[in-house]
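Let's take a walk through the pockets of this structure together. Have the sequence and the model open as you read.

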Amino acid sequence: MTAAAAARPRPLSERVLPAVVALLALPPALMVLKGAIANPVTFARNLVEGVSLGGVYALVALGYTMVYGVLGLINFAHSDVFMVGAYAGIYAAAWFGVTATSAGQSSPGIALACFAAAMIACAVLGMFVERFAYRPVRNAPKLTPLVTAIGVSMLIQNVSMLVFSSTPRGFPPVIRSSTVSLGPVAVTNIKLMNLGAALALMVALTFLVQRTRVGRAMRAISTNLDAARLMGVHTDRVIAITFGLGSALAGAGGILFGLDQPKIDPLSGVQPGLKAFVAAVLGGIGNIPGAMLGGLLIGMVEQLASAYLSSSFAPAIVFSILVVVLLVRPQGLLGRVTREKV
Amino acid sequence: MTTPPSSRRSRRELLVGAAGSLLAGAVAQACKPKRQSGISVGLYCSLTGAQADFGISTRNGATLAFEEINRAGGLLGQQLRLVAEDTRGESNEATSAVTRLIDREGVVAVIGEIASTLSLAGGRVCQRKRIPMVSPSSTNPAVTQVGDYIFRVCFIDPFQGDVMARFARTDLHFDRVALFRDQASAYSMGLADAFRDAFVRVGGTVVDDQSYRSGDTHFSAQITSMLGHQPQAIFVPGYYTEVALIAREARGAGFTGKFLGGDGWSGPSLTQNDDDKLVGDFFSDAFAPEGAEAPVARSFLDRYRARFHTDPNGLAALGYDAALVLFDAIRRAGSAEPARIRAALASTRDVQGATGAITLNAQRDAVKSAVILEVTSSGTRFHKTVNP
């Protein structure tokens with residue numbers, strides 16, 4: 001913010017808005033509090049569920065945020081890459097003989113193979129989309145890539161309907177579901193594993209961005225694409241890698257999602273994808289720790305809202321967070337006004 | 001030499017005009033019902049999507065009936081043609097499927113849908129266009145209240161809810177049951193209400209009433225809330241896709257009681273996703289292969305197995321019966337005029353179908369018995385028959 005802008009008195013709306021939002025958020029927060037006091041065990045269970053769900057959102061949100069960080073593009077096709085990841089897992093498991101209908105024979109090895117297949121398939125798809133849909137319009141006005149992204153999203157959805165059919169498929173039980181008791185709280189092993197896998201991937205990504213040459217190149221591009229190119233950064237290659245990485249994370253998210261909620265159809269990426277997008281905006285789009293924080297928060301909000309307010313309002317509450325963030329703090333929780341992207 | 005401008009313009013106008021009239025002709029051709037020999041009957045149901053099991057079973061049942069009547073020489077000296085349209089389980093698709101059947105295929109009557117919400121959508125089109133519709137298996141009372149052209153060959157939800165409520169109370173000795181209903185489905189809302197009223201009437205308590213929306217995949221918040229009330233059973237009057245996911249999630253959260261449901265559970269996909277989450281749970285349906293005693297039912301069972309190499313479920317049997325009721329009406333009407341078929345349908349008496357004798361009452365509904373099925377790891381097992 002420049003000195004002149006700081007000196008100017010802030011408009012009324014900017015001062016009143018946060019107060020109004022806080023006032024509106026108070027009754028639901030009190031209802032959640034009341035429920036938590038009435039039944040702490042149920043509340044604890046909801047927290048565990050919410051964090052586990054949030055882990056998957058965070059993985060998908062990272063893809064949105066990385067692409068926005070380097071290109072300033074909101075990649076709407078990302079949610080469909082996520083769905084393709086889940087299908088890749090289904091086919092990989094079927095190759096090892098595990099289908100939704102077969103009982104028995106599931107092993108950690110097959111689960112890892114599913115992860116690898118989904119991540120590779122999605123990385124290839126993401127890079128393919130970048131090369132043929134986004135690169136040609138990279139220097140066009142901002143609206144053009146955005147509309148292209150929407151088009152690519154619809155293309156992937158409709159091709160998926162042709163290839164996979166619109167009848168939902170069960171996700172193969174590559175990991176046996178069992179109930180784990182954390183004190184009085186019973187959850188499935190899959191939810192705990194989801195959270196663990198999501199956190200591990202996020203740590204790996206942070207390491208990659210902060211500590212490797214490719215990561216440094218990404219950060220350079222996010223600061224200034226032209227300057228990075230002039231300094232000898234292979235911008236095209238690094239952008240392709242960014243898409244590949246983000247899409248691979250979405251693929252992993254697709255597997256985690258499928259294991260937890262084993263019904264996949266060509267539109268099943270849309271809702272989680274939108275929520276992950278809200279998570280990315282909430283955390284500060286372009287900001288990696290922000291996407292993780294946003295994902296976990298959105299998962300928690302969705303779970304608590306459907307538990308203590310109304311399950312049919314839960315999506316509405318999640319999306320109203322998007323509106324509130326854009327009104328009150330457009331840079332997101334961890335974003336800065338002069339953003340350091342990626 | 002160049003063509004004078006005026007002549008060029010006129011030639012272009014001529015071309016545009018010709019193209020326009022061709023196009024208009026093509027459109028008119030497309031809109032006009034096809035003149036097919038024989039009597040066309042439409043079927044609209046979900047052949048793909050989250051309720052594909054429903055449509056495929058129903059189409060199998062109806063196909064069997066059509067093949068049999070054609071082999072026996074058809075009706076009124078004509079062969080019958082069954083035209084199936086896919087609704088993908090969406091109400092706007094149901095509306096356009098019915099419109100397409102009537103306007104383009106020129107059907108004289110329509111069979112469908114399975115899901116009540118879609119039957120309500122398609123029924124409004126049939127009523128407006130004065131084409132009789134027979135729903136094989138939509139159980140919500142509102143479906144036939146759309147108008148006097150809408151009929152059904154299955155029981156309605158107040159009866160089905162009563163059957164399951166009494167079963168839970170007297171056979172299973174439960175007094176604490178939670179409800180988990182699908183807000184986006186007229187069927188589920190109606191059946192949940194019917195169950196609640198009947199269960200309270202027989203002395204039980206509904207400890208929690210939670211809801212979801214069809215298409216949801218994440219139910220843990222509602223399940224957590226229901227389990228907090230320690231129900232002995234959860235009544236889920238939904239469709240099989242969500243029921244399987246709900247059961248899986250609830251079992252994972254440590255629920256050891258029973259799941260109870262209605263005919264929306266019917267379908268091979270219910271028990272598809274490996275584990276035994278629903279084994280030992282109960283739902284009500286219209287037909288059970290093991291419960292088939294009447295000769296018509298037995299012979300339907302044999303022919304269905306021979307034709308499709310699988311056991312028919314309630315939806316297949318009702319698809320077959322909807323076709324039989326329609327054939328009976330066309331035969332008695334002595335004509336394939338939609339209005340006369342409608343009049344004959346309204347006086348349907350004692351048509352012997354796979355699911356029992358079908359008589360349509362003044363509300364254009366059938367009064368029939370229900371069966372209670374127990375879920376097993378490989379499908380279902382007949383538990384008992386409940387008469388109205």
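A good way in is the chemistry of the largest pocket: its lining is made up of 18 nonpolar, 21 polar and nine charged residues. Please keep in mind that you are looking at a predicted model. The space in this pocket comes to about 1,200 Å³.

Where should you point your viewer? Of the 48 residues that line the largest pocket, K263(A), D265(A), S214(B), G215(B) and D216(B) lie nearest its centre. Both chains also appear among the elements that give two or more residues to this lining: chain A offers helix 3 (40–71), helix 11 (270–283), helix 12 (288–308) and helix 13 (314–328), while chain B adds helix 4 (116–129), helix 7 (220–228) and helix 8 (240–252). Helix 11 of chain A provides the largest share, four residues. On the chain B side, domain 1 (39–155 + 292–368) and domain 2 (157–285) each contribute at least three residues.

Now move on to the second largest pocket, with a volume of about 610 Å³. It is lined by 29 residues, and those closest to its centre are G267(B), P268(B), T310(B), D311(B) and N313(B). Which element of chain B gives the most to this lining? That is helix 2, with five residues. Helix 2 spans 52–71, and strand 10 (282–285), strand 13 (370–376) and strand 14 (379–386) of chain B likewise supply at least two residues each.

By class, the lining of the second largest pocket holds 12 nonpolar, 13 polar and four charged residues. Domain 1 and domain 2 of chain B turn up here too, each giving at least three residues to the lining of the second largest pocket.

Notes. Residues numbered from 1 in each chain as written. Chains lettered and ligands numbered in written order. Predicted model: local features only at pLDDT ≥ 70, side-chain atom pairs only at ≥ 80, totals over all residues. Heavy atoms only, no water. 1 Å grid on protein atoms, 1.4 Å probe; cavity = no way out; pocket = protein on both sides within 12 Å on 5 of 7 lines; lining within 4 Å. Points joined across faces, edges and corners; volume = space filled by probe spheres on them. Nonpolar A, V, L, I, M, F, W, Y, C, P; charged D, E, K, R; others polar. Domains from an automatic or database assignment.
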